[in-house]
Amino acid sequence: MSSVAFTNIKTLVTNDVIHDNGSLGALNGASVVVEDGLIRQISKSVPSGVDRVIDCTGMTLLPGFVDSHSHLIFAGDRSAEFASRSQGQEYTAGGISSTVAATRIASDAQLIGNAHKLLDEALLSGTTTIEIKSGYGLTEKDELRSIKIAGQFTDETTLLAAHVIPAEFTTNPDGYVELVVESIIPKSRAKWIDVFCDEGAFTPEQAETILRAGIAHGMLPRLHANQLSAGKGVELAVALNAASADHLSKSTTQDIELLASSNTVATILPGAEFSTYLEANLGRRFLDAGATVAIATDCNPGSSYTTSMPFCIATAVSLLGFSVEEAIHAATLGGAKALRRTDIGQIALGKKADLVLLSAPSYIHLAYRPGVNLIHSIYKSGSAVTTWKK
Ligand SMILES: [Zn+2]
């Protein structure tokens with residue numbers, strides 16, 4: 001048994017209702033004891049008899065960020081597309097195909113190396129759990145290898161073979177749906193099944209076929225919905241009890257109310273809103289309706305090339321109508337709920353000690369000091385980490 005105590009914590013964010021003092025359950029001057037990777041004690045007194053003490057005077061301790069939406073298995077560069085979009089070019093689903101071409105010709109080592117570099121970035125900005133999607137292969141071989149690579153880094157793997165219709169199937173989109181259902185899903189070992197259900201991507205009918213096939217093979221559903229246009233995605237996600245519906249930029253009032261009354265988390269992607277200039281004040285509408293809200297990076301080379309959850313928190317506050325507390329809650333416990341995880345996202349007894357120590361006296365600094373790296377150290381299961389490991 002090894003134990004470590006974090007003591008004299010200026011601000012401790014627990015997300016624990018037992019210690020509720022506002023939505024984050026923030027405490028001042030507390031200590032946290034971790035034993036064998038789990039939170040064992042939260043107290044005002046300084047504990048004794050522990051193996052190691054980390055003095056957190058003047059600092060903030062919070063749960064590690066849970067990034068429930070990322071696309072990290074790819075090759076290629078789309079900075080020119082971003083530059084032209086910044087000059088008024090509209091964002092469409094079509095840009096994905098340039099990444100697909102680069103990904104198909106990349107070696108496994110290139111894809112693994114690129115993913116690991118991005119995961120190290122994510123970790124060093126405080127992310128301790130991440131979901132990773134496939135979706136830049138769009139052939140049986142390339143989708144299955146993307147899932148295999150993602151599985152080296154996380155258990156939260158998502159098959160997104162239905163990201164866009166690949167060029168070879170432009171005139172026969174249902175032929176591609178059949179390939180996904182008949183050949184890719186049965187061989188994939190992904191935990192989650194996802195579809196980009198939107199204009200220029202997959203119709204709600206195609207999405208339903210694919211999600212149901214995934215469910216039949218033991219996968220759990222989640223869905224990209226209402227990013228580019230309002231459609232039936234939210235209805236479908238709720239009907240299938242999806243863990244999360246993501247993007248939601250063009251959601252109608254009806255969609256928002258439906259999500260709020262469901263078991264499906266509304267995942268808002270501030271990086272995508274920031275990079276593609278979509279909907280301001282988006283989060284507020286879901287929060288006011290009472291939906292469970294998560295924030296994730298959507299890290300991908302086209303519409304949100306950031307791995308930084310602190311950036312997403314700052315953007316959610318400045319652009320999307322979140323309070324600081326709501327944004328941090330959404331980036332931790334909200335993300336955990338979007339992955340149906342009960343062991344992470346909180347500093348509470350028995351939870352995994354995935355922790356972020358900030359060189360700041362308050363969590364407010366995460367939004368108050370945008371673009372500044374405030375991370376002092378990161379802990380997974382109570383151990384300090386500096387590079388991503390599963
Ligand atoms: Zn996405």
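Helix α2 (residues 96-105) has Ile96, Thr99, Val100 and Thr103 as buried residues, where buried means under 20% relative accessible area, exposed over 50% and partly exposed in between, with a 1.4 Å probe and protein chains only. Viewed down the axis of α2, these buried residues fall within an arc of 105°, so they line one face of the helix; the arc is that of the directions from the helix axis to the C-beta atoms. Helices (H or I, at least four residues) and strands (E, at least two) are DSSP runs numbered from the N terminus.

The model is predicted: local features need pLDDT of at least 70, side-chain atom pairs count only at pLDDT 80 or more, and totals for chains, interfaces and linings use all residues. Residues are numbered from 1 along each chain as its sequence is written, and side-chain values use heavy atoms, with hydrogens and water left out.

The cover over the buried residues of α2 includes α3 (108-124), α4 (140-153) and β11 (192-197). Within α2 lies Thr103, which is buried with a relative accessible area of 1%. Leaving aside residues up to four places away in sequence, Thr103 touches Ile73, Phe74, Ala75, Leu111, Tyr136 and Arg145, a contact being heavy atoms within 4.5 Å.

The zinc site is the next feature. The protein donors of the zinc ion are His69 (NE2), His71 (NE2), His224 (NE2) and Asp298 (OD), at 2.0 to 2.7 Å from the ion. Donors are N, O and S atoms within 2.8 Å of the metal (3.2 Å for Na, K and Ca); water is not among the atoms, so sites may look incomplete. Along the chain, the donors follow the spacing H-x1-H-x152-H-x73-D. One pair links distant parts of the chain: His71 sits in the loop between β7 (65-67) and α1 (79-86), and His224 in strand β13 (residues 223-225), 153 residues apart. His71 is buried at 2% relative accessible area, and His224 is buried at 2% relative accessibility. The four donor atoms subtend angles of 78 to 164° around the zinc ion, which makes the arrangement irregular. Four donors count as tetrahedral if all angles lie between 85 and 135 degrees; four count as square planar and six as octahedral if opposite donors are over 155 degrees apart and all others between 65 and 115; anything else is irregular.

Turning to the whole chain, there are 13 helices and 19 strands. Buried residues make up 59% of its 390 residues. Of the contacts with a separation of 6 or more, 72% come from residues 24 or more positions apart.
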